[in-house]
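Visitor: Pick out one enclosed space in this model and take me through it closely. I'd like to know what surrounds it and how it fits into the wider picture.

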Amino acid sequence: MIWQFIVNGIITGMIYGVVALGFALVYNTTRIFHIAYAAIYMVAPYLLMFSMQSLGLPLFVSILLAVLGTILIGYAVDILIYSPLAKRNSSSNVIMVSSIGAMIIIINVVAIIFGNETKIVNPGVSQSITIGKILVTYTQVFQFVTALFLFLLFFIFLKFSRFGIITRAYRDDEKLASVLGTNIPAIKRLLFILSSAFAAVGSCLIAYDVGMNPYVGMPMLLNAVVALIIGGVGRFEAPVLGGVLIGVLQSLVVYFSSARWQDAVTFLLLILFLLLRPQGILGEKMRTV
Amino acid sequence: MDYVIHLFILINIYIILTTSTNLLVGTVNMLSLGQAAFYGIGAYLSVLALLSFNWPLFPSLLFAMVGTGLISFLISYPSIRLKGDYFVLATLGFQLIVYTILYNWVSVTRGPYGITGIPSPKLFGSIEIAGLWPFLILSTVLTIMVVVIFYNLIHSPFGRALRGVRDDELSMKALGKNVNRLKIYTFAISSAFIAVSGFLYATYVSYIDPTSFNLDESIFILSALIVGGLGNIRGPVIGALFVIILPEALRFMGLPDNVAANLRQIIYGLALILLMRYRPQGIAGTYAIK
């Protein structure tokens, strides 16, 4: 029985990892605390639903449209809000407050268009297979495979492509990277695009299983941030590790007590890490404080 | 007329919230997303004193303030050494933990069912403060007291030391000030006074449940403060007026209720973005957050 919970936890954790990786792409490099990411995450399944149910397009075309639409919104947030602030060297708190503003606007626009209530993308119960004593639904298999595929693709690119090398250089030292002729604004835009794409995929994977409402973004963002911090800010493997850890931990909390205490345990873990090991498990020296 | 009095009571509650938060955010530059947690702790402690101990007004109020101030050490002591985003995250974590406890510890807080039948506070054990007018007077008196206290605090040597920490922490250390202790005190003072609005809210509405003290409320308090302005007394007061009166102004536009609520939020969001871009010190503040 406990293995069933661990497997569920790992699969949920993988999706946390996908979302956290998207957040880390922006945070590790630009140091923007991208709270609007919560709203960007939430938009994707609405686009998916709109495309499937109102336009009547097939699932895979709809996913593509949802990801593209989400990218567009993430891009807009960067162009309209972060870039002008970055130009005048605004502090991290100013950027964070603007980001909160952007999040509030996006959430409420979606709430006005689609309503405040929970929507279901995929009605019906997913079929399942049993491996040994463990029951896995097809949706879970799909979630697991997609997440794994994304991680492999991303880390191969990060390691070997020119984009990956520049991204790591940007993370290590923005000034030095730009002195050496990197087009920082261009790479930044690319990172925002990629980040929104990760949010969209993670979000659609979850919403396909359990549906969504305009307020699902914040809890997920918080999970992603905790995953990033306990994994270790600065490394791109960290959010994946942190995500899986949190997924398993939350699942075990459900097993041993009840789902009510999931959040409390997660944030207790965050505070413990902030206190005792702020650099996270994979602990790399941080660029600033 | 009753409705106008109701609005004034709400404005008073929010003035206390924003003014206390201003000490933290505007004078020391500690951006906190955990203010609603202290608001909630203050409210629940007040209820504990009024309902379970059956205490009169001032002992209950004092109990809530001291209790909340002491609880603030739990979060301030570990988190003050964190900087920037990490500090905000620690307060955010605290906010969510407090909310989860209030929501799930059903045997003590009655969780999502909330606590009903909170008695009206009794002045000197006999004069009961119930109804709109007495409450307006009580809340106004308390608000004026809080504002005067904070005005004096900001202009005292203590306030100057806090501004010193905000503007140049290293120099303050070099001058021999114990920066961490100053920050912990600020946290305690700010949360103790937030407990006053918790007390007012709990006794005025006579019903509390955890959803009034969630992360959205924290963001709302912070937005109200930032819109109004940081660093002085005018700013927070204007912020509280803005967030309470704006929805009333929108009411006259004749929008359907559900759209009006979302539209109001959109206006707050837009205000935050525009202010951060063009006027980071807020409408009437003296200090631009950094």
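**The largest cavity**

Guide: Start with helix 9 of chain A, which gives four residues to the lining of the largest cavity, the largest share. Helices here are DSSP runs of H or I with at least four residues, numbered from the N terminus. Bear in mind that this is a predicted model, where local features need pLDDT of at least 70, side-chain atom pairs count only at pLDDT 80 or more, and totals for chains, interfaces and linings use all residues. As for bookkeeping, residues are numbered from 1 along each chain as its sequence is written, chains are lettered from A and ligands numbered from 1 in the order written, and side-chain values use heavy atoms, with hydrogens and water left out.

What counts as a cavity? On a 1 Å grid over the protein atoms alone, it's a set of points where a 1.4 Å probe fits but cannot get out, and a lining residue has an atom within 4 Å of a point. Points are joined across faces, edges and corners, and the volume is the space filled by probe spheres set on them.

This cavity holds about 70 Å³ of space. From chain A, its walls are Phe33(A), Ile35(A), Met96(A), Met218(A), Leu221(A), Leu222(A) and Val225(A), while chain B brings Leu33(B), Val88(B), Leu89(B) and Leu92(B). Two elements give two or more residues each, helix 9 of chain A and helix 4 of chain B. Chemically, you're looking at 11 nonpolar residues, with no polar and no charged ones. For these classes, Ala, Val, Leu, Ile, Met, Phe, Trp, Tyr, Cys and Pro are nonpolar, Asp, Glu, Lys and Arg are charged, and the others, Gly among them, are polar.

Now for the interface. Chain A puts 45 residues in contact with 37 of chain B, contact being heavy atoms within 4.5 Å. Together they bury about 3,600 Å², 76% of it from carbon and sulfur atoms; that's the accessible area (1.4 Å probe) that the two parts lose on being put together, summed over both. Asn93(A), Val97(A) and Leu274(A) supply 15% of what chain A buries against chain B, more than any other three residues. Helix 9 (217-231) turns up again, one of the chain A helices with at least two residues on the side that touches chain B. Helix 4 of chain A gives the most to that side, with 16 residues, and the side as a whole splits into 34 nonpolar, seven polar and four charged residues. The rule finds zero salt bridges across the interface, meaning a side-chain nitrogen of Lys or Arg within 4 Å of a carboxyl oxygen of Asp or Glu.

For comparison, a search of the whole structure finds two cavities of 30 Å³ or more. The second largest has a volume of about 30 Å³. Val97(A) reappears there, lining the space with Ile100(A), Ile219(B), Leu222(B), Ser223(B), Ile226(B) and Leu272(B). This time the largest share, four residues, comes from helix 10 of chain B. Its lining has six nonpolar residues, one polar and no charged.

Notes. On a 1 Å grid over the protein atoms alone, a cavity is a set of points where a 1.4 Å probe fits but cannot get out, and a pocket is an open set with protein on both sides within 12 Å along at least five of seven lines; lining residues have an atom within 4 Å of a point.
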